[in-house]
Each structure stands twice: as structure tokens, then as C-alpha cells.
Amino acid sequence: MAKDYYGILGVDQQATDSEIKKAYRRLARKYHPDVNPSDEAAERFREISQAQEVLLDPNKRRMVDAGHDPLAEPQHGYGGGFGGGFGGGFDLGDLFGAFFEGQGETGPIPRVRRGEDSRMAFPISLAEAYTGVDKKITVDTAVICPDCDGSGSKTHQEPVTCQQCTGSGHVRATQRSFLGNMVTVAPCPACAETGQIIPDPCPTCESDGRVRSRRSMQVHIPAGVESGMRIRLQGNGEVGPGGGPAGDLYLHIQVADDPTFTRDNEHLLATVQMSIVDACLGTTVGLTLPDGSQETITVPAGTQPEDTVVVHGKGMPTMQREGERGDLIVRFVMKVPTELDSKTRKTLSQLRDRRGYEPAKVISREDSDNHLFTRIGNFFRGRNA
Ligand SMILES: [Zn+2]
Ligand SMILES: [Zn+2]
């Protein structure tokens, strides 16, 4: 029968390695011999250390899950046991590293720290992505307190060492209990673990050196941006605790769908509709590009439905290669009139009666497939047939 290693750490059987380490650190803080010198605590500390060691070893954990105890049954050859002490592959360095990190015994935390990064959604139109755009944005963020210039002190005095924790950031308390003397280590309540006190605190920021404020700034969005890109504005995030350096602001670009153009990376796709007459005879059609400029598209005589033309260098700017643009790909569709006046009907009838007119017919599957795939292929490759 296996020991309940999961129960010892207070985690469930699905716990991840990091959850196991976290649970271990939480308990180690309570039972480590440096903190709690009682025999009872030493035994508990040994147990939780064993439990962590077993559960972080995939082979041993599999044995536990199968109902075996990897430490009680070393004769099964599953590779070493605990041997009743801190033996067998037990890494003391790791253990104490984790322990001290969790406890915060490394000293006070700095009073002045870097601020958080901020992020905001940044919706733009396709036209703005086509040309690039300068925009004014307003963010609600932490800024340097204007009343103390970030010092946290109304009279701009330097911080002094906290008397309560003598600068360590932590306070220890010894309590006598039936288990023996219990030593607890807690964050110093007077200095918020920083080991420093601000004399004559600023009432505006409560000595934090920063306040919340709305701030406006001008940002430049380069041409060619795509949805999902992030633009980093260094030092425009939140000002840190104690008036510390600001984090960065990230703009998350979202390019809206355009009513005319479909974007395919650096290419733009547009559709021109025409009558059968224009398809037969050829024509030109004006297309307004996203930047407002006019492009004349030539429809060659004999254009087939779903044919495409490629206008090189009129697509989206490429961000990788300065000054280059993708292509504009124009697809042609035909619209057949559903109502004809008598004169048009007569003209078309005469056309059908002419010699050389090709009547409707059934074509082979191969010809049919060629029609379909060539055109779909052409469209996506952006190559004219
Ligand atoms: Zn303190
Ligand atoms: Zn202030």
C-alpha cells in the first residue's frame, strides 16, 4: 500500500509539476527546521520533501499512481529509494533554493520597481493600413505623481530604513506552543517588504510616487500592418511602484474588413462585374485604391468568367522590404441581363443566327474540371490565364 504522497502535499492526482512545487514551498515555509525547530515539524518536513521528490520523478509518480510505494519497495528495481534520509538523488541545492525563494528571505524587495506593460486594442481601417497613419490615443495609466515628482515624500525627503524590520523587509515572531517554539516570518507591515520608510509621505499618492491619470499621445502606425501585430511603445506603459521606470505599451492591431478589397497577406483582391458584351469586346473600368488614387483596369477582349488580371505593385506595402508593395489582383465576373427590351433581343437573335456561332453543348468532365481548377488556381496565385 502506497503512502498518500498527494495527500501529504495537499494536491490532487492531476496536479502539474509546478503545482506540486508550489504546494511544497508553501508547506516548507511552515515546517523547515530553520523556521520551526520542533521534532514534529522535522518529521513533517521530511515527509513533504519525500512527497515532492517522488511526485516530481515521472517513474516514481507512475508507481504511486499504480498503487505502489517507490520508497518502500526499492527491491523492485525502480531505481533507488529514499533510504530513510536525505539520500538517493536528493538535490539539497534545489530544495533550499526553492525554499528561500518562496520565503522571501533573500532580503527586502526594492521600493522603486519597473512598472507593468500595458496593452490596448487598436482598430484601424484597411485604408489606414495601406497608407500608414498617425493617431492620437488616450490611455488610462499610472503616471509619476505630480505633487512629489515620484519621490513619495511631500517635502522630497530621501527614504529612511524601516525601524520595525531594521531594513530586512520581514518580521519574525516566536510563539511558544505545545509543539515547541514556532518561528514565523511575515512581510513587514510597516514598509510593505521594502525595508524603507518615506518620511513626510505625499498625501496625493500615499507615498507610492505615482497616480492614475489619463494621458494622450500621438502614435505612428506604419503602412502594411496586419491584424495580430503588436506595436511596442517603449516606456509608455504603467509607471512603477515608488515612481519606478514605466513599462511598455503594446498596441494590438486589428485591421477592419474593407467593403471592396480582400487582403491576402501583401496582395489585395477586388472583383469587377461586367456584361457579356464588355467581356466580348473588352473595356476599361476605374477602381479607387484604398489611398483614394484611381487605377484604370483593362478588361481584355474575350475575358472569361473568373479570369483575373494582376496589377503589380498596387497591393499592400510589405513591412519586410521598405518601399515594396504586393499586387492588386482583379477578378472578373459576368452578369447576364434578365430583362431585355425588344431591340436588344432582336440584336442578340441576329447574333445567334450568324455563321460561326457556337451553340450550347455538353462538354467532357475533363474540360469542365480544367475550367474550374484553372480559374480557382489563377485567382489565388494571382496569375492571368
Ligand atoms: Zn519594515
Ligand atoms: Zn506623490
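These exercises work through a predicted model of a protein chain with two zinc ions.

Residues are numbered from 1 along each chain as its sequence is written, and chains are lettered from A and ligands numbered from 1 in the order in which they are written. In this predicted model local features need pLDDT of at least 70, side-chain atom pairs count only at pLDDT 80 or more, and totals for chains, interfaces and linings use all residues; side-chain values use heavy atoms, with hydrogens and water left out.

**Exercise 1. State how many helices and strands the protein chain has, and what share of its residues is buried.**

Step 1. Helices (H or I, at least four residues) and strands (E, at least two) are DSSP runs, numbered from the N terminus. The count is nine helices and 15 strands.

Step 2. Buried means under 20% relative accessible area, exposed over 50%, and partly exposed in between (1.4 Å probe, protein chains only). Of the 385 residues, 36% count as buried.

Step 3. Contact means heavy atoms within 4.5 Å. Among contacts between residues at least 6 apart in sequence, 66% join residues at least 24 apart.

**Exercise 2. Describe the site of the zinc ion (ligand 1).**

Step 1. Find the donors, which are N, O and S atoms within 2.8 Å of the metal (3.2 Å for Na, K and Ca); water is not among the atoms, so sites may look incomplete. The SG atoms of Cys162, Cys165, Cys188 and Cys191 coordinate this zinc ion at 2.2 to 2.3 Å.

Step 2. Check the geometry. Four donors count as tetrahedral if all angles lie between 85 and 135 degrees. Here the angles among the four donor atoms are 102 to 118°, and the site is tetrahedral.

Step 3. Read the spacing in sequence: C-x2-C-x22-C-x2-C. Cys162, in the loop between strand E3 (160-161) and strand E4 (170-177), and Cys188, in the loop between strand E5 (180-187) and strand E6 (196-197), are 26 residues apart and link distant parts of the chain.

Step 4. Both Cys162 and Cys188 are buried.

**Exercise 3. Repeat the analysis for the zinc ion (ligand 2).**

Step 1. Its protein donors are the SG atoms of Cys145, Cys148, Cys202 and Cys205, lying 2.3 Å from the ion.

Step 2. Angles of 105 to 115° among the four donor atoms make this site tetrahedral.

Step 3. The donor residues are spaced C-x2-C-x53-C-x2-C. Cys148 lies in the loop between strand E2 (133-144) and E3, and Cys202 in the loop between E6 and strand E7 (210-221), so the pair ties together parts that are 54 residues apart in sequence.

Step 4. Compare with the record. An unreviewed UniProt entry lists Cys145, Cys148, Cys202 and Cys205 under "binding site"; UniProt positions are given in the numbering used here, feature names are shortened, and annotations may be inferred rather than shown by experiment. These residues are spread over 61 residues of sequence, yet they cluster in space, with a largest C-alpha distance of 9.0 Å.

**Exercise 4. Place Cys145 and Cys202 in their surroundings.**

Step 1. Cys145 sits in the loop between E2 and E3. Its relative accessible area is 0%, so Cys145 is buried.

Step 2. Leaving aside neighbours within four places in sequence, Cys145 has contacts that include Gly150, Cys202, Cys205 and Arg210.

Step 3. Cys202 is also buried, because its relative accessibility is 2%. With the same neighbours within four places left aside, Cys202 touches residues including Cys145, Asp147, Cys148 and Ser207.

Conventions:
Tetrahedral: all angles 85-135°; square planar, octahedral: opposite > 155°, others 65-115°.
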